[in-house]
Amino acid sequence: MTTEQLKNWIKSQDAEFEGCIQLGGVNGNAPWFLGVYPSGVAGRQHIAIGGPVCTTYDTFNARLLLRWGKSQPEAERKARSLWALFYGRTSYDMDGATIYYADPGLGPVPIGKGPDGVFEYVINLNIVYKKE
């Protein structure tokens, strides 16, 4: 599972992100943009009894930073629709990765406005996927 696969899957689910999504950053000059970041969340290893060869899944953590216009209601709607792409989803393909479960947290986290007045939200994802 990679951030590239996550980015490609999001684009395939929502055409509005075409041309305004990138890995590892956001375009601070664009009023509508989504940045996809690997998250540095530390956690325990998931090693099955029998060692790594018997381990069938792993976890992937990512952070989505959404900048979506100068209208708070519009930005919140977009953040909620992005969050809903993951909420309650189980057993699906994400650009070649088999996803068992995705946890987008309790909801998008508003972080206020950027210096240009564009509203920003963060979604912290935890994805459980099949090891290949």
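## A walk outward from strand S7

In S7, Gly112 finds its bridge partner in Glu120. That pair is a good place to start, and since this is a predicted model, everything that follows describes computed geometry.

Gly112 belongs to the pairing between strand S6 (residues 109-113) and S7, which is antiparallel and holds four bridges. Another residue to look at here is Lys113, which stands opposite Phe119 in S7. The two strands make a hairpin, with five residues between them. In that turn, Gly117 has a positive phi of about 85°.

Now stay on S7 and look at its other partners. With S3, the pairing is antiparallel and extends over 11 bridges; within S7, Val122 is the residue opposite Leu65. Strand S5 (residues 97-103) also runs antiparallel to S7, and four bridges join them. There, Ile99 stands opposite Tyr129 in S7. How enclosed is S7 by the rest of the structure? Nine of its 12 residues are buried, so the strand is largely enclosed.

From the strands, let us turn to helix H2, residues 72-84. A quick check of its geometry comes out well: at 1.5 Å a residue, its 13 residues should span 18 Å, and the end C-alpha atoms are indeed 18 Å apart. Which residues of H2 are buried? They are Ala75, Lys78, Ala79, Leu82 and Trp83. Looking down the helix axis, you will find these buried residues within an arc of 140°, so they line one face of H2. What they pack against is a mix of elements: helix H1 (3-13), strand S2 (32-38), strand S3 (57-68) and strand S7 (119-130).

This brings us to the nonpolar interior. In soluble globular proteins, nonpolar side chains tend to be buried together. Here the largest nonpolar core has 33 residues, and those touching the most other members are Leu6, Ile10, Leu64 and Phe86. Two or more residues come from each of H1, S2, S3, H2, strand S4 (90-94), S5 and S7. The element that gives the most to this core is S7, with six residues.

Ile10 makes a helpful viewpoint within the core. Setting aside neighbours within four places in sequence, Ile10 is in contact with Phe17, Ile21, Leu34, Leu64, Leu82 and Phe86. Two of the residues on that list, Leu64 and Phe86, are themselves named with Ile10 among the residues that touch the most other core members. Leu82 is familiar too, as one of the buried residues of H2.

Next, follow helix H1 to Lys7. Is Lys7 buried or exposed? Its relative accessible area is 13%, and with buried meaning under 20%, Lys7 is buried. Residues up to four places away in sequence aside, Lys7 touches Ile21, Gln22, Leu23 and Val36.

One of those contacts, Gln22, lies in strand S1 (residues 21-23). Unlike buried Lys7, Gln22 is partly exposed, at 31% relative accessible area. Leaving out neighbours within four places in sequence, Gln22 is in contact with Lys7, Phe33, Leu34, Gly35 and Val36. Val36 thus appears among the contacts of Gln22 and also among those of Lys7. Tyr37 is 15 residues from Gln22 along the chain, and their C-alpha atoms are separated by 8.8 Å.

Back at the start of the chain, Thr2 sits in the segment before H1. Thr2 is partly exposed, with 37% relative accessibility. Its C-alpha atom lies 9.6 Å from that of Asn61, although the two residues are 59 apart in sequence.

Finally, a word on the cysteines. A disulfide is a covalent bond between the sulfur atoms of two cysteines. How many disulfides does a search of the whole structure find? The count is zero. Cys20 counts as buried, at 10% relative accessibility, whereas Cys54 is partly exposed, at 42%.

Methods. Residues numbered from 1 in each chain as written. Predicted model: local features only at pLDDT ≥ 70, side-chain atom pairs only at ≥ 80, totals over all residues. Heavy atoms only, no water. Expected span 1.5 Å × (residues − 1). Buried < 20%, exposed > 50% of the residue type's maximum accessible area, 1.4 Å probe, protein only. Arc of directions from axis to C-beta. Contact = heavy atoms within 4.5 Å. Pairing = 2+ DSSP bridges. Core = buried A, V, L, I, M, F, W, Y, C linked by side-chain atoms within 4.5 Å. Disulfide = S-S within 2.5 Å.
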